Amino acid sequence: MARLAVQALAKRYGAMSSVDDVNLTVEQGELVALLGPSGCGKTTTLRMIAGFVSPSSGRISIGDNDVTERAPHARNIGMVFQSYALFPHMSVAKNVSFGLEMRGIGRAERDIRVTEALRLVRLQHLADRMPRQLSGGEQQRVALARALVIRPAILLLDEPLSNLDAKLRGEVRLEIRNLQQRLQLTTLMVTHDQEEALTMADRLVVMKDGRLQQIGTPKDLYERPADTFVANFVGRCNLIAGEIVGRGQFKSASGIMLPCGAASTGPGNGSVLAIRPEKLEVEPNTGNGITARLIAINYLGPHIEYHLDFQGTPLVAVRPLPSGRDPLNDLRGQLVSLRWEPAATQLLANSNKPEGELA
(Lines give C-alpha, C1' and ligand atoms only; values in the text may rest on other atoms or scores of the structure.)
Protein backbone atom coordinates (compact mmCIF):
# COMPACT_ATOMS: atom_id res chain seq x y z
CA MET A 1 0.00 0.00 0.00
CA ALA A 2 1.12 3.60 -0.56
CA ARG A 3 0.11 7.22 -0.39
CA LEU A 4 -1.36 8.90 -3.50
CA ALA A 5 -0.55 12.56 -4.12
CA VAL A 6 -1.86 14.73 -6.96
CA GLN A 7 -0.40 18.21 -7.44
CA ALA A 8 -1.75 20.98 -9.69
CA LEU A 9 -3.26 18.40 -12.05
CA ALA A 10 -4.94 19.81 -15.16
CA LYS A 11 -6.35 18.58 -18.45
CA ARG A 12 -7.12 20.91 -21.30
CA TYR A 13 -8.64 20.18 -24.69
CA GLY A 14 -7.75 23.20 -26.76
CA ALA A 15 -9.26 26.23 -25.04
CA MET A 16 -11.53 24.08 -22.86
CA SER A 17 -10.36 23.04 -19.40
CA SER A 18 -11.77 19.69 -18.25
CA VAL A 19 -9.76 19.53 -15.02
CA ASP A 20 -8.10 22.58 -13.48
CA ASP A 21 -5.52 22.73 -10.66
CA VAL A 22 -6.54 19.63 -8.71
CA ASN A 23 -4.52 19.10 -5.52
CA LEU A 24 -5.37 15.99 -3.54
CA THR A 25 -3.76 13.50 -1.19
CA VAL A 26 -5.11 10.03 -0.34
CA GLU A 27 -3.33 8.65 2.69
CA GLN A 28 -2.32 5.01 3.02
CA GLY A 29 -5.37 2.89 3.81
CA GLU A 30 -7.82 5.75 3.22
CA LEU A 31 -10.85 5.68 0.91
CA VAL A 32 -11.56 9.03 -0.73
CA ALA A 33 -14.57 9.62 -2.98
CA LEU A 34 -14.61 12.10 -5.86
CA LEU A 35 -18.20 13.29 -5.95
CA GLY A 36 -19.87 15.57 -8.46
CA PRO A 37 -22.36 15.87 -11.33
CA SER A 38 -21.75 14.45 -14.79
CA GLY A 39 -19.11 16.42 -16.67
CA CYS A 40 -17.46 17.89 -13.56
CA GLY A 41 -14.09 16.27 -14.33
CA LYS A 42 -14.02 13.50 -11.74
CA THR A 43 -13.66 10.60 -14.22
CA THR A 44 -11.00 12.48 -16.21
CA THR A 45 -9.08 12.98 -12.97
CA LEU A 46 -9.31 9.27 -12.18
CA ARG A 47 -8.20 8.29 -15.68
CA MET A 48 -5.19 10.61 -15.48
CA ILE A 49 -4.18 8.95 -12.22
CA ALA A 50 -4.61 5.53 -13.86
CA GLY A 51 -2.51 6.59 -16.83
CA PHE A 52 -5.22 6.32 -19.50
CA VAL A 53 -5.30 10.10 -20.07
CA SER A 54 -2.19 12.26 -20.24
CA PRO A 55 -2.37 15.37 -18.06
CA SER A 56 -1.71 18.77 -19.62
CA SER A 57 0.19 19.73 -16.48
CA GLY A 58 0.69 18.63 -12.90
CA ARG A 59 2.25 15.71 -11.04
CA ILE A 60 1.02 12.31 -9.82
CA SER A 61 2.96 10.46 -7.13
CA ILE A 62 2.46 7.01 -5.60
CA GLY A 63 4.55 6.69 -2.47
CA ASP A 64 7.91 8.27 -3.29
CA ASN A 65 7.58 7.65 -7.04
CA ASP A 66 6.56 10.20 -9.65
CA VAL A 67 4.35 8.18 -12.03
CA THR A 68 3.08 11.08 -14.16
CA GLU A 69 4.80 9.83 -17.31
CA ARG A 70 4.55 6.09 -16.65
CA ALA A 71 2.35 3.74 -18.66
CA PRO A 72 -0.73 2.37 -16.85
CA HIS A 73 0.79 -1.10 -16.30
CA ALA A 74 3.87 0.45 -14.69
CA ARG A 75 1.97 2.34 -11.97
CA ASN A 76 0.97 -0.64 -9.79
CA ILE A 77 -2.66 0.47 -9.83
CA GLY A 78 -5.69 -1.80 -9.72
CA MET A 79 -8.82 -0.40 -11.38
CA VAL A 80 -12.45 -1.47 -11.31
CA PHE A 81 -14.40 -0.09 -14.26
CA GLN A 82 -18.04 0.96 -14.35
CA SER A 83 -18.78 -1.65 -17.04
CA TYR A 84 -16.75 -4.41 -15.27
CA ALA A 85 -14.79 -4.95 -18.57
CA LEU A 86 -14.66 -8.73 -18.17
CA PHE A 87 -13.54 -10.87 -21.10
CA PRO A 88 -16.71 -12.77 -22.12
CA HIS A 89 -14.76 -15.74 -23.59
CA MET A 90 -12.72 -16.32 -20.42
CA SER A 91 -13.74 -18.07 -17.20
CA VAL A 92 -13.80 -16.22 -13.89
CA ALA A 93 -10.39 -17.63 -12.98
CA LYS A 94 -8.93 -16.70 -16.37
CA ASN A 95 -10.29 -13.15 -16.09
CA VAL A 96 -8.70 -12.73 -12.67
CA SER A 97 -5.44 -14.29 -13.85
CA PHE A 98 -5.08 -12.12 -16.95
CA GLY A 99 -3.22 -9.23 -15.30
CA LEU A 100 -0.73 -11.64 -13.72
CA GLU A 101 -0.03 -13.28 -17.08
CA MET A 102 0.67 -9.88 -18.63
CA ARG A 103 3.18 -9.25 -15.84
CA GLY A 104 4.96 -12.53 -16.51
CA ILE A 105 3.99 -14.22 -13.24
CA GLY A 106 4.57 -18.01 -13.37
CA ARG A 107 1.68 -20.49 -13.48
CA ALA A 108 2.10 -21.83 -9.93
CA GLU A 109 2.21 -18.34 -8.40
CA ARG A 110 -0.75 -17.23 -10.57
CA ASP A 111 -2.91 -20.10 -9.35
CA ILE A 112 -2.15 -19.30 -5.72
CA ARG A 113 -2.93 -15.60 -6.12
CA VAL A 114 -6.10 -16.18 -8.16
CA THR A 115 -7.43 -18.55 -5.49
CA GLU A 116 -6.56 -16.00 -2.81
CA ALA A 117 -8.26 -13.14 -4.67
CA LEU A 118 -11.43 -15.16 -5.36
CA ARG A 119 -11.58 -16.17 -1.70
CA LEU A 120 -11.39 -12.50 -0.69
CA VAL A 121 -14.52 -11.74 -2.73
CA ARG A 122 -16.19 -15.08 -1.82
CA LEU A 123 -16.29 -16.42 -5.39
CA GLN A 124 -13.87 -19.34 -5.28
CA HIS A 125 -16.76 -21.73 -5.99
CA LEU A 126 -17.46 -19.93 -9.30
CA ALA A 127 -13.91 -20.03 -10.68
CA ASP A 128 -14.91 -22.06 -13.75
CA ARG A 129 -18.05 -20.05 -14.63
CA MET A 130 -18.24 -17.70 -17.60
CA PRO A 131 -19.20 -14.02 -17.06
CA ARG A 132 -22.59 -14.53 -18.78
CA GLN A 133 -23.45 -17.11 -16.09
CA LEU A 134 -22.98 -14.59 -13.28
CA SER A 135 -25.27 -11.99 -11.71
CA GLY A 136 -24.37 -8.31 -11.85
CA GLY A 137 -23.09 -8.39 -8.28
CA GLU A 138 -20.94 -11.45 -8.98
CA GLN A 139 -19.48 -9.82 -12.09
CA GLN A 140 -18.59 -6.75 -10.07
CA ARG A 141 -16.81 -8.91 -7.49
CA VAL A 142 -14.86 -10.67 -10.25
CA ALA A 143 -13.75 -7.24 -11.49
CA LEU A 144 -12.69 -6.38 -7.94
CA ALA A 145 -10.76 -9.66 -7.60
CA ARG A 146 -8.97 -8.94 -10.89
CA ALA A 147 -7.90 -5.54 -9.54
CA LEU A 148 -6.74 -7.01 -6.21
CA VAL A 149 -4.84 -10.01 -7.56
CA ILE A 150 -1.94 -7.85 -8.78
CA ARG A 151 -1.55 -6.55 -5.19
CA PRO A 152 -1.82 -2.90 -6.20
CA ALA A 153 -0.40 0.05 -4.31
CA ILE A 154 -3.53 2.05 -5.19
CA LEU A 155 -7.10 0.90 -5.96
CA LEU A 156 -9.23 3.03 -8.29
CA LEU A 157 -13.00 2.56 -8.51
CA ASP A 158 -14.90 4.19 -11.38
CA GLU A 159 -18.64 4.33 -10.55
CA PRO A 160 -18.31 0.75 -9.26
CA LEU A 161 -21.97 0.20 -8.34
CA SER A 162 -23.86 2.18 -10.99
CA ASN A 163 -24.98 -0.91 -12.96
CA LEU A 164 -26.50 -2.68 -9.95
CA ASP A 165 -30.06 -2.44 -8.66
CA ALA A 166 -30.70 -0.60 -5.39
CA LYS A 167 -30.72 -3.65 -3.09
CA LEU A 168 -27.60 -5.14 -4.66
CA ARG A 169 -25.81 -1.77 -4.52
CA GLY A 170 -26.21 -1.72 -0.76
CA GLU A 171 -24.82 -5.24 -0.37
CA VAL A 172 -21.82 -4.81 -2.70
CA ARG A 173 -21.11 -1.37 -1.22
CA LEU A 174 -20.73 -2.95 2.20
CA GLU A 175 -18.55 -5.75 0.82
CA ILE A 176 -16.18 -3.36 -0.95
CA ARG A 177 -15.86 -1.09 2.10
CA ASN A 178 -15.23 -4.00 4.48
CA LEU A 179 -12.61 -5.46 2.15
CA GLN A 180 -10.92 -2.09 1.64
CA GLN A 181 -10.67 -1.53 5.39
CA ARG A 182 -9.49 -5.08 6.12
CA LEU A 183 -6.73 -4.90 3.51
CA GLN A 184 -5.96 -1.21 4.27
CA LEU A 185 -6.13 -0.41 0.55
CA THR A 186 -5.41 3.17 -0.47
CA THR A 187 -8.51 3.80 -2.59
CA LEU A 188 -9.88 6.59 -4.77
CA MET A 189 -13.48 6.18 -5.93
CA VAL A 190 -15.47 8.21 -8.45
CA THR A 191 -19.23 8.44 -7.95
CA HIS A 192 -22.18 10.76 -8.52
CA ASP A 193 -24.21 8.87 -5.89
CA GLN A 194 -24.36 10.87 -2.66
CA GLU A 195 -25.43 7.95 -0.47
CA GLU A 196 -22.65 5.78 -1.86
CA ALA A 197 -20.07 8.46 -1.10
CA LEU A 198 -21.41 9.26 2.37
CA THR A 199 -21.49 5.63 3.51
CA MET A 200 -18.22 4.40 1.97
CA ALA A 201 -15.68 7.22 2.11
CA ASP A 202 -13.37 8.46 4.85
CA ARG A 203 -13.28 11.80 3.03
CA LEU A 204 -15.28 13.38 0.22
CA VAL A 205 -14.00 15.61 -2.56
CA VAL A 206 -16.76 17.59 -4.26
CA MET A 207 -15.95 18.75 -7.81
CA LYS A 208 -17.62 21.33 -10.02
CA ASP A 209 -16.54 22.49 -13.47
CA GLY A 210 -13.21 20.72 -13.21
CA ARG A 211 -12.21 22.25 -9.86
CA LEU A 212 -12.34 21.06 -6.27
CA GLN A 213 -15.08 22.81 -4.29
CA GLN A 214 -14.57 21.27 -0.85
CA ILE A 215 -12.70 18.40 0.81
CA GLY A 216 -13.61 16.90 4.17
CA THR A 217 -15.23 14.06 6.05
CA PRO A 218 -18.83 13.16 5.17
CA LYS A 219 -19.93 14.77 8.43
CA ASP A 220 -17.97 17.96 7.72
CA LEU A 221 -19.45 18.40 4.25
CA TYR A 222 -22.98 17.57 5.37
CA GLU A 223 -22.97 19.77 8.46
CA ARG A 224 -20.64 22.54 7.23
CA PRO A 225 -20.86 22.85 3.43
CA ALA A 226 -18.74 25.60 1.89
CA ASP A 227 -21.50 26.97 -0.34
CA THR A 228 -24.93 26.24 -1.79
CA PHE A 229 -23.53 23.90 -4.46
CA VAL A 230 -21.95 21.59 -1.87
CA ALA A 231 -25.02 21.82 0.39
CA ASN A 232 -27.22 20.79 -2.51
CA PHE A 233 -24.97 18.00 -3.72
CA VAL A 234 -24.12 16.34 -0.40
CA GLY A 235 -27.55 15.33 0.83
CA ARG A 236 -30.63 17.50 0.37
CA CYS A 237 -30.94 21.06 1.56
CA ASN A 238 -33.53 23.81 1.74
CA LEU A 239 -32.12 27.12 0.48
CA ILE A 240 -33.81 30.45 1.13
CA ALA A 241 -32.35 33.55 -0.52
CA GLY A 242 -32.16 36.78 1.44
CA GLU A 243 -29.81 38.80 3.60
CA ILE A 244 -28.55 39.17 7.13
CA VAL A 245 -30.06 42.21 8.86
CA GLY A 246 -28.59 41.62 12.30
CA ARG A 247 -27.21 38.90 14.53
CA GLY A 248 -29.74 36.09 14.61
CA GLN A 249 -31.95 37.83 12.06
CA PHE A 250 -32.31 36.87 8.40
CA LYS A 251 -34.74 38.54 6.00
CA SER A 252 -35.87 36.36 3.11
CA ALA A 253 -36.10 37.76 -0.42
CA SER A 254 -39.87 37.91 0.11
CA GLY A 255 -39.38 40.11 3.21
CA ILE A 256 -40.12 37.51 5.93
CA MET A 257 -37.93 37.63 9.05
CA LEU A 258 -36.47 34.19 9.85
CA PRO A 259 -34.50 32.94 12.87
CA CYS A 260 -30.85 32.30 12.14
CA GLY A 261 -28.17 31.01 14.47
CA ALA A 262 -25.22 31.61 12.14
CA ALA A 263 -22.91 34.50 13.02
CA SER A 264 -23.66 37.53 10.89
CA THR A 265 -21.07 39.87 9.40
CA GLY A 266 -23.30 42.91 9.44
CA PRO A 267 -26.48 44.17 7.73
CA GLY A 268 -26.85 44.13 3.99
CA ASN A 269 -24.76 41.06 3.25
CA GLY A 270 -26.38 38.92 0.59
CA SER A 271 -26.52 35.25 1.59
CA VAL A 272 -28.56 32.08 1.60
CA LEU A 273 -30.14 30.47 4.64
CA ALA A 274 -29.70 26.68 4.55
CA ILE A 275 -31.77 24.17 6.54
CA ARG A 276 -31.53 20.41 6.18
CA PRO A 277 -34.94 18.67 5.70
CA GLU A 278 -34.69 16.68 8.94
CA LYS A 279 -34.19 19.92 10.91
CA LEU A 280 -37.41 21.49 9.63
CA GLU A 281 -40.52 20.87 11.75
CA VAL A 282 -44.05 21.16 10.34
CA GLU A 283 -47.28 21.42 12.32
CA PRO A 284 -50.85 22.62 11.83
CA ASN A 285 -51.09 26.38 11.44
CA THR A 286 -50.96 28.11 14.81
CA GLY A 287 -51.68 31.56 13.36
CA ASN A 288 -48.28 32.83 14.52
CA GLY A 289 -44.73 32.61 13.22
CA ILE A 290 -43.58 31.24 9.85
CA THR A 291 -46.10 29.66 7.51
CA ALA A 292 -45.90 27.78 4.23
CA ARG A 293 -48.40 25.97 2.04
CA LEU A 294 -48.38 22.17 2.27
CA ILE A 295 -48.21 20.83 -1.30
CA ALA A 296 -47.74 17.06 -0.91
CA ILE A 297 -47.05 14.29 1.61
CA ASN A 298 -44.94 11.27 0.68
CA TYR A 299 -44.86 8.12 2.78
CA LEU A 300 -41.30 6.70 2.98
CA GLY A 301 -41.64 3.79 5.39
CA PRO A 302 -40.14 4.98 8.69
CA HIS A 303 -40.29 8.64 7.55
CA ILE A 304 -42.73 11.09 6.00
CA GLU A 305 -41.67 13.72 3.48
CA TYR A 306 -43.59 17.00 3.40
CA HIS A 307 -43.30 19.22 0.32
CA LEU A 308 -43.99 22.89 1.00
CA ASP A 309 -44.16 26.24 -0.77
CA PHE A 310 -42.66 29.11 1.21
CA GLN A 311 -43.34 32.37 -0.64
CA GLY A 312 -42.48 30.75 -3.98
CA THR A 313 -39.48 28.79 -2.64
CA PRO A 314 -39.96 25.00 -2.51
CA LEU A 315 -39.02 23.40 0.81
CA VAL A 316 -39.01 19.81 2.00
CA ALA A 317 -39.22 18.44 5.53
CA VAL A 318 -38.49 14.86 6.52
CA ARG A 319 -39.91 13.71 9.83
CA PRO A 320 -40.26 10.35 11.62
CA LEU A 321 -43.51 8.51 10.96
CA PRO A 322 -46.03 9.58 13.62
CA SER A 323 -47.10 6.84 16.04
CA GLY A 324 -50.76 7.72 15.51
CA ARG A 325 -52.69 9.59 12.86
CA ASP A 326 -50.68 12.28 11.07
CA PRO A 327 -52.25 15.65 12.04
CA LEU A 328 -51.14 17.09 8.67
CA ASN A 329 -52.79 14.38 6.60
CA ASP A 330 -55.86 16.44 5.71
CA LEU A 331 -54.06 19.78 5.28
CA ARG A 332 -52.79 19.48 1.70
CA GLY A 333 -53.16 22.85 -0.05
CA GLN A 334 -53.49 24.69 3.26
CA LEU A 335 -51.11 26.83 5.30
CA VAL A 336 -49.05 25.06 7.98
CA SER A 337 -46.56 26.37 10.53
CA LEU A 338 -42.80 25.91 10.20
CA ARG A 339 -40.31 25.81 13.02
CA TRP A 340 -36.60 25.13 13.38
CA GLU A 341 -33.86 25.66 15.91
CA PRO A 342 -31.75 28.69 14.95
CA ALA A 343 -28.60 26.63 15.54
CA ALA A 344 -29.75 24.19 12.82
CA THR A 345 -29.34 26.84 10.10
CA GLN A 346 -26.28 27.92 8.15
CA LEU A 347 -25.47 31.00 6.11
CA LEU A 348 -23.88 30.02 2.81
CA ALA A 349 -22.33 31.78 -0.14
CA ASN A 350 -24.57 31.57 -3.19
CA SER A 351 -22.84 29.53 -5.90
CA ASN A 352 -25.44 30.42 -8.55
CA LYS A 353 -27.73 27.45 -7.93
CA PRO A 354 -31.41 28.25 -8.55
CA GLU A 355 -33.06 29.39 -5.37
CA GLY A 356 -34.68 26.58 -3.43
CA GLU A 357 -33.47 23.83 -5.77
CA LEU A 358 -33.06 20.51 -4.00
CA ALA A 359 -30.32 18.01 -4.79
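This briefing describes the nonpolar cores, a strand pair, two threonine sites and the ring contacts of the structure above. The model is a predicted one. Its largest nonpolar core has 45 residues, and a second core of 28 residues is separate from that one.

**Nonpolar cores**

- Within the largest nonpolar core, which has 45 residues, the members with the most contacts inside the core are Val96, Leu118, Leu144 and Leu155.
- Helix H4, spanning residues 136–148, supplies the largest share of this core, namely six residues.
- The second core, separate from the largest and made up of 28 residues, includes Leu4, Leu9, Leu34 and Met48.
- As a general background to such groupings, nonpolar side chains in soluble globular proteins tend to be buried together.
- Leu118, when residues up to four places away in sequence are not counted, touches Val92, Val96, Leu123, Gln124, Ala127 and Ala145.

**Strands E6 and E7**

- Strand E6, which covers residues 77–80, is covered on both faces, with Ile77 and Met79 buried on one side and Gly78 and Val80 buried on the other.
- Strand E6 runs parallel to strand E7, residues 154–158, and four bridges join the two strands.
- The residue of E7 that serves as bridge partner to Val80 is Leu157.

**Threonine 187**

- Threonine 187 is placed in strand E8, which comprises residues 186–191, and its side chain reaches the backbone oxygen of leucine 185 at 3.1 Å.
- With a relative accessible area of 1%, threonine 187 counts as buried because that value falls under 20%.
- When neighbours within four places in sequence are left aside, threonine 187 is in contact with Val26, Glu30, Leu31, Val32, Leu155, Leu157 and Gln180; among these, Leu157 is also the bridge partner of Val80, and Leu155 is one of the residues with the most contacts inside the largest core.

**Threonine 44**

- Threonine 44 lies in helix H1, which comprises residues 42–50.
- The relative accessible area of threonine 44 is 17%, and this residue is therefore classed as buried, the limit being under 20%.
- Leaving aside neighbours within four places in sequence, the contacts of threonine 44 are with Lys11, Tyr13, Ser18 and Val19.

**Aromatic rings and charges**

- Two of the contacts of threonine 44, Lys11 and Tyr13, also meet each other, since lysine 11 lies over the face of tyrosine 13 at 5.1 Å from the ring centre, within the 6 Å limit.
- Arginine 276 lies over the face of tyrosine 222, at 3.9 Å from the ring centre.
- The count of aromatic pairs comes to three.

Note on methods. Residues numbered from 1 in each chain as written. Predicted model: local features only at pLDDT ≥ 70, side-chain atom pairs only at ≥ 80, totals over all residues. Heavy atoms only, no water. Phe/Tyr/Trp six-rings, centres within 6.5 Å; stacked < 30°, edge-to-face > 60°. Lys NZ or Arg CZ within 6 Å of the ring centre and 35° of its normal. Core = buried A, V, L, I, M, F, W, Y, C linked by side-chain atoms within 4.5 Å. Buried < 20%, exposed > 50% of the residue type's maximum accessible area, 1.4 Å probe, protein only. Contact = heavy atoms within 4.5 Å. Polar contact = N/O pair within 3.5 Å; in protein donor to acceptor, adjacent residues only side chain to side chain. Pairing = 2+ DSSP bridges.
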